[in-house]
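Hi,

Here is the structure I said I would pass on. Have a look at it first, and my notes follow underneath.

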Amino acid sequence: MNFWQEILAEKKMILALSPMDGVSDHPFRYITKKYGKPDLIFSEFANVEGICRSSSTRILDHFDFDPSQHPFVAQIFGKTPAYFKQAAVLLCELGVDGVDVNMGCPAPTVANNGSGAAIIKNPLLAKEIIKAVQEGINEWANGLELKDCPDFSIKMIQAVAAKKAKFSLANANRQKVPTVSVKTRIGYHEEEIATWLPHLLEMRLAAISLHGRTLKQGYSGKADWAVIGRAAELVKSSDPAVTFLGNGDVNSYEEALAKVSEFGVDGVLIGRASFGQPHVFLPQEERIKFLAEKNIFQVALEHAQLYERTYPAAEDYRFLPMRKHLAWYTKGIENAASIRAELVRSNNSAEVEEILSKQHLIVD
Ligand SMILES: Cc1cc2nc3c(=O)[nH]c(=O)nc-3n(C[C@H](O)[C@H](O)[C@H](O)COP(=O)(O)O)c2cc1C
């Protein structure tokens, strides 16, 4: 059994943190896992060409994770199978539990370049990419090393070793290889699951996650759960071993459970509803307990402190990416506008602490 099937054997559904570029970095995932306990988490995506060819090793930060975040699924995107293969070897070396290929991103910077959701229109390439990832993983299991990959610089190989040391990651076990999965959309211009999904199902994937919008829709309109339901039937009748997750506009544990029973999915990915709300993954009773026992602003401060420790100013990271999270933590709090205005101008966790203490939102 793979880890997707193991979770399903134990629980009513898989509830996962969706991959979110620019949002789901290590500090966000750590806090979400600690307080919300999603069954599994996805990384934000990273471009395979960047992983293989970039002169900077900063792209590896996308995959920063510590042992508390298992099962950890790393997501990659691109259009060149040879880079996918090498990126898969690198992810094996980092010890991720799963490698997920993005075939759903509608952003022009990604899709206009033939990657992300544009791959829906190119099923042959989709299959070549999945095959390349599977080959990379198999060859790694049989002893392939990073230095055997043609595009990795010594600097990148050293950076992988440094990441493993920094996050106390165990040396990867070549007997336990990552799974391969795909996250995609219901179509390009129109819904086209009946022609698109069978291509993916040929590839013996461990899991497929389906966002109920087309590329054309971007994030507008509503996710079409009726189509996701039909896709679930198609997947289950074709290969019941494939774990099938639905995604789009789900705002709570209970809503996810309802989607599972109504539409026959094995689980749900939650994205935007997790902003500033790690507890969104908890059943109602635990959510109420969390909110009664935990001060969300204390959690926000912990998040800011972890952000700063992970990406110190000395490494040339600004505090800027943390600011939006601070704003999200004030969601639903009455008269929060002035606090939010101060938080989004903060430059470090000491300033965050000062703002929150001054407003009596945390106690020293
Ligand atoms: C800021 C942001 C970044 C995203 N980045 C990714 C990404 O890197 N990979 C991916 O597969 N989907 C990405 N998505 C899509 C989400 O994973 C998810 O499919 C979408 O938000 C719908 O789910 P939701 O309604 O629960 O948010 C992103 C979405 C947002 C809002």
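A quick word on labels before anything else: helices (H or I, at least four residues) and strands (E, at least two) are DSSP runs, numbered from the N terminus. With that numbering, Arg204 falls in the loop between α8 (193-201) and β6 (207-214). Please keep in mind that this is a predicted model.

I'll stay with Arg204 for a moment, as its backbone caught my eye. Its phi is near 50°, a positive value in a residue other than glycine. Arg204 has a relative accessible area of 66%, and anything over 50% counts as exposed, so Arg204 is exposed. Lys37 makes a good companion: its phi is also positive, near 50°. You'll find Lys37 in the loop between α2 and β2 (40-47), and it is exposed too, with a relative accessible area of 52%. Ser168, just after α7, has a positive phi of about 50° as well. One more backbone item is the cis peptide bond from His70 to Pro71, where omega is near -10°. Pro71 is in the loop between α3 and β3 (72-77). I list these because most residues other than glycine have a negative phi, and most peptide bonds are trans.

Now the interior. The largest nonpolar core takes in 88 residues, and Ile76, Leu90 and Met103 have the most contacts inside it. Helix α4 (residues 81-94) supplies the largest share of this core, with 9 residues. What does Leu90 touch, once its neighbours within four places in sequence are left aside? The answer is Ile51, Leu60, Leu146, Phe152, Met156 and Val160. There is also a second, separate core of 23 residues, with Ile31, Ile296, Leu361 and Ile362 among them.

Two of those Leu90 contacts, Met156 and Val160, lead on to helix α7. This helix (residues 154-166) has 13 residues and spans 18 Å from its first C-alpha to its last, close to the 18 Å expected at 1.5 Å a residue. Its buried residues are Met156, Ala159, Val160, Lys163 and Lys164. They cover an arc of only 140° around the axis, so they sit on the same side of α7. The cover over them includes α3 (48-53) and α4. Turned away from that buried side is a face with the exposed residues Ile154, Gln158 and Ala165. Note the two lysines, Lys163 and Lys164, in the buried set.

Helix α13 (residues 320-329) is mostly covered, with 7 of its 10 residues buried. Those are Met322, Arg323, His325, Leu326, Ala327, Trp328 and Tyr329. They pack against α2 (26-36), α12 (296-310), α14 (337-343) and α15 (349-358).

On to the rings. I get 9 aromatic pairs in total. Phe3 and Trp4 are a stacked pair, 5.1 Å centre to centre with 25° between the planes. Both Phe3 and Trp4 are buried, and ring pairs join them with Phe42 in a cluster.

Trp225 and Phe263 are another pair: their ring centres are 5.8 Å apart and their planes lie at 40°, so this one is tilted. Which parts of the chain does it link? Trp225 is in helix α9 (residues 225-238) and Phe263 in helix α10 (residues 253-263), distant parts of the chain that are 38 residues apart. Trp225 and Phe263 are both buried. Separately, Arg185 lies over the face of Tyr219, at 5.1 Å from the ring centre.

Last one: Tyr253, also in helix α10. Is it buried or exposed? Its relative accessible area is 18%, and the cut-off for buried is under 20%, so Tyr253 is buried. Leaving out residues up to four places away in sequence, Tyr253 touches Met13, Leu15, Val280, Phe281, Leu282, Pro283 and Arg287. As for Pro283, it is 30 residues from Tyr253 in sequence, while the C-alpha to C-alpha distance is 5.5 Å.

Over to you!

Technical notes:
Residues numbered from 1 in each chain as written. Predicted model: local features only at pLDDT ≥ 70, side-chain atom pairs only at ≥ 80, totals over all residues. Heavy atoms only, no water. Core = buried A, V, L, I, M, F, W, Y, C linked by side-chain atoms within 4.5 Å. Buried < 20%, exposed > 50% of the residue type's maximum accessible area, 1.4 Å probe, protein only. Contact = heavy atoms within 4.5 Å. Phe/Tyr/Trp six-rings, centres within 6.5 Å; stacked < 30°, edge-to-face > 60°. Lys NZ or Arg CZ within 6 Å of the ring centre and 35° of its normal. Expected span 1.5 Å × (residues − 1). Arc of directions from axis to C-beta.
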